[in-house]
Amino acid sequence: MKAMLVDAHQNMVWTEVADPSIQEDEVLVKIHAAGVNRADLLQRQGKYPSPPGCPEWMGLEISGEVVKTGSLVTCWQPGDRVCALLGGGGYAEYVAVKADMLMPIPKGLSMEEAAALPEAYATSYLNLFLEGHLQAGQTVFVPAGASGLASVAIPMAKAFGARVITSVRKTAQVETVRNLGADVVIDTSRQSVSQVLAEEEAAGTPVNVVMDCLTGQMLGESLPYMARGGYWIVISTLAGTETNLPLRPLLTKGLHLVGSTLRSRTPAFKAALLGELTEKLWPLLENGQIRPLIHKILPMAQAEAAHNILQTGGHIGKVVLRVCE
């Protein structure tokens, strides 16, 4: 089969590699599409290698068709349409996947839409509800509202009855992101995040949960305006790795500052998480209450162009690579 390898100059090359073999608890999947994530960019730079035992090439989420099952697998059959969360290996024609890392494709979704589900939906659900303990009627802040992750997290939070604040860097993005369901969109080219959150607290609607992929100085400036007992979940540091953190509000309000990554979780945790997604979110996808937002679909041969979209920003929604028709 072929897979997308990275050469010494960080160029991506569609290269012949050995076919994957499956263990007795694994499934062989023919890949139709792969979601593109910022972790892929880091892995391409040599900063985020695949976990031990996973293929060396990129790709954390895929959709496809079951080709073969291991002797212990009874829940999947050849021909089943599935999507999967991977430790790596999605930029390829085939992948071997533990059976409990697979989910059925929700009815009515295309292969490309399904490829945008596993990583983004698992990350959003994990951090909003398991780490952040988000409840109906509470307020959540999801920075970087134009990102693929926020395009999932915003409608997900709304579907479960939360009030959503988000932020964008460009005025042109405000209305598009508002259409995702956000109640308040902070235009950081004109507004200060901390000032808006201070105004929200003064109005009696302080933020209970933050799912933050940016951090940097914004974290320290904004944390004092959270609701008592609130959870600020750090999932990445795209805007900087340092901040000036005021400790008094952390103490007096009983705030929780939590670091969270999906990739570091145990296989058992991930399997349980995917099971919860299938139970609680798949019905909402099938009835149209939530829907993955796709910015662009490109063939695997244009993987570098897909990475450039994420690198330059300005897009809204997920970028997906099509491996086969």
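**Sheet, helix packing and salt bridges in a predicted model**

Aspartate 187 is buried, its relative accessible area being 5%. In this predicted model, the side chain of aspartate 187 meets that of arginine 190 in a salt bridge, with an N to O distance of 3.8 Å. Arginine 190, by contrast, is exposed, with a relative accessible area of 66%. The pair therefore joins a residue under the 20% limit for burial to one over the 50% limit for exposure.

Aspartate 187 falls within strand E10 (184–187), which is an edge strand of the sheet, as is strand E13 (256–259); each of these two pairs on one side only. The sheet itself is open and comprises six strands in the order E10-E9-E8-E11-E12-E13, with parallel pairing. From one strand to the next, the twist averages 15°. Within this arrangement, strand E8 (residues 139–142) and strand E9 (residues 163–168) are paired in the parallel sense over four bridges. Threonine 139 is placed opposite arginine 163 of E9. Strand E9 is mostly covered, five of its six residues being buried.

Helices pack on this sheet. Helix H3 (residues 118–131) touches E8, strand E11 (207–212), strand E12 (226–234) and E13, and its direction makes an angle of about 150° with that of E11. Helix H6 (residues 193–202) lies across E8, E9, E10, E11 and E12, and runs at about 150° to E10.

Helix H3 also packs against helix H9 (residues 267–280). Two packed helices are described by the angle between their axes and by the distance between the axes. For H3 and H9, the angle is about 90° and the axes are 10 Å apart. Helix H3 is therefore roughly perpendicular to H9, since this class covers angles of 65 to 115 degrees. On the H3 side, the contact is formed by Tyr121, Ala122, Tyr125, Leu126 and Leu130. These residues meet Phe269, Leu273, Leu274, Glu276, Leu277 and Lys280 of H9. By class, the contact of H3 with H9 contains nine nonpolar and two charged residues, and no polar ones.

Glu276 and Lys280, both listed in the contact of H9 with H3, also form a salt bridge with each other, the closest N and O atoms being 3.3 Å apart. Both residues lie in helix H9, with a separation of four residues, about one turn of the helix. Glutamate 276 is partly exposed, with a relative accessible area of 22%. Lysine 280 likewise counts as partly exposed, at 37% relative accessibility.

In the whole structure, a search finds 12 salt bridges. One of them links glutamate 201 to lysine 253, the closest N and O atoms being 2.5 Å apart. Glutamate 201 belongs to helix H6, whereas lysine 253 is located in the loop between helix H8 (247–252) and E13, so the pair ties together parts that are 52 residues apart in sequence. Glutamate 201 is partly exposed, with a relative accessible area of 29%. Lysine 253 counts as buried because its relative accessibility of 14% falls under 20%.

Methods
Residues are numbered from 1 along each chain as its sequence is written. This is a predicted model: local features need pLDDT of at least 70, side-chain atom pairs count only at pLDDT 80 or more; totals for chains, interfaces and linings use all residues. Side-chain values use heavy atoms; hydrogens and water are left out. Two strands pair if DSSP finds at least two bridges between them. Axes are lines fitted to C-alpha atoms, for helices over the stretch in contact, and angles run from 0 to 180 degrees between N-to-C directions. Contact means heavy atoms within 4.5 Å. Angles under 35 degrees count as roughly parallel, over 145 as roughly antiparallel, 65 to 115 as roughly perpendicular and the rest as oblique. Ala, Val, Leu, Ile, Met, Phe, Trp, Tyr, Cys and Pro count as nonpolar, Asp, Glu, Lys and Arg as charged, and the others, Gly among them, as polar. A salt bridge is a side-chain nitrogen of Lys or Arg within 4 Å of a carboxyl oxygen of Asp or Glu. Buried means under 20% relative accessible area, exposed over 50%, partly exposed in between (1.4 Å probe, protein chains only).
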